[in-house]
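Work through the exercises below with the model open. Try each task before you read its solution.

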Amino acid sequence: MNIHPRPFDHPDAVVLNAQVQLEYAERYGDEGDVTPLDPSMFRPPNGLYLLAYDALDRPVATGGWRTQDRNDLGYSDGDAELKRMFVIPEGRGNGLARRILAALEDDARAAGRTRMVLETGTRQPEAIALYASSGYSPCEKFGHYRTYESSRCYAKPLR
């Protein structure tokens, strides 16, 4: 597997984002994640978006982080928010999400961010298990879905 930085609106990212949205919609019975996102949010040094490709150069996974600071949505100064972590079903179970997560943490740390935060949901037990086993702890809710009962927020210090 090869992991490369790509713009959030890269054609391969668009395809995988559509797939993850379908999975969210299926799991939660809604339209998917409606958190407002813009490609500029993932441009270094204020963020990064990664795509992983298999041996045949097919996109199989994504993940990104974006800068967040204290605001009305519950973020804190120094936050890096993890977004769009996704591995296609055929690529799961190979440690790819863990590799992308580690690369994103390293990049956010190098950019001066002090805490990685993420929001997931109760219908994504695999994600919750990945984050818990990677040193993330439950934290005060933040972001677009902070008022939803199914929302779960996690944080990990980067320093």
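**Exercise 1: The largest pocket**

Task: Find the volume of the largest pocket, then work out what lines it.

Solution. Start with the space: the largest pocket holds about 830 Å³. Keep in mind that this is a predicted model. Next, take the lining, which has 36 residues. Nearest the pocket centre lie Tyr24, Met85, Thr120, Gln124 and Ala127. Now assign elements. Helix 1 (11–28), strand 4, helix 2, strand 5 and helix 3 each give two or more residues to this lining. Strand 4 gives the most, with seven residues. Finally, sort the lining of the largest pocket by class: 15 residues are nonpolar, 10 are polar and 11 are charged.

**Exercise 2: The cavity**

Task: State how many cavities of 30 Å³ or more the whole structure has, and describe the lining of the largest cavity.

Solution. The search of the whole structure returns one cavity of 30 Å³ or more. The volume of the largest cavity is about 40 Å³. List the residues around it: Thr35, Tyr75, Glu81, Lys83, Glu119, Gly143, His144 and Tyr145. Then classify them. Two are nonpolar, three are polar and three are charged. Tyr counts as nonpolar and Gly as polar here.

**Exercise 3: The sheet**

Task: Trace the strand order of the sheet and identify its edge strands.

Solution. First count the elements: the protein has three helices and seven strands. Read from the N terminus, they run β-α-β-β-β-α-β-α-β-β. Next, lay out the open sheet. Its seven strands have the order 1-2-3-4-5-7-6, and the pairing is mixed. The edges are strand 1 (2–5) and strand 6 (137–138), each pairing on one side only. Now zoom in on one pair. Strand 2 (residues 47–53) and strand 3 (residues 59–68) are antiparallel, with seven bridges. Leucine 51 faces threonine 62 of strand 3.

Then add the helices. Helix 2 (residues 96–110) packs on the sheet and touches strand 1, strand 2, strand 3, strand 4 (79–87), strand 5 (115–121) and strand 7 (151–157). Its direction makes about 30° with that of strand 3. Helix 3 (residues 125–133) also packs on the sheet, where it touches strand 4, strand 5 and strand 7. The direction of helix 3 makes about 155° with that of strand 5.

**Exercise 4: Overall dimensions**

Task: Compare the radius of gyration of the protein with that of a compact globule of 159 residues.

Solution. A compact globule with 159 residues would have a radius of gyration near 15 Å. The protein has 15 Å, so the two agree. For the extents, use the principal axes: the C-alpha atoms fill a box of roughly 40 × 35 × 30 Å.

Note on methods: Residues are numbered from 1 along each chain as its sequence is written. This is a predicted model: local features need pLDDT of at least 70, side-chain atom pairs count only at pLDDT 80 or more; totals for chains, interfaces and linings use all residues. Side-chain values use heavy atoms; hydrogens and water are left out. Two strands pair if DSSP finds at least two bridges between them. Helices (H or I, at least four residues) and strands (E, at least two) are DSSP runs, numbered from the N terminus. Contact means heavy atoms within 4.5 Å. Axes are lines fitted to C-alpha atoms, for helices over the stretch in contact, and angles run from 0 to 180 degrees between N-to-C directions. On a 1 Å grid over the protein atoms alone, a cavity is a set of points where a 1.4 Å probe fits but cannot get out, and a pocket is an open set with protein on both sides within 12 Å along at least five of seven lines; lining residues have an atom within 4 Å of a point. Grid points are joined across faces, edges and corners, and a volume is the space filled by probe spheres set on the points. The radius of gyration is taken over C-alpha atoms; the globule rule is 2.2 Å times the number of residues to the power 0.38.
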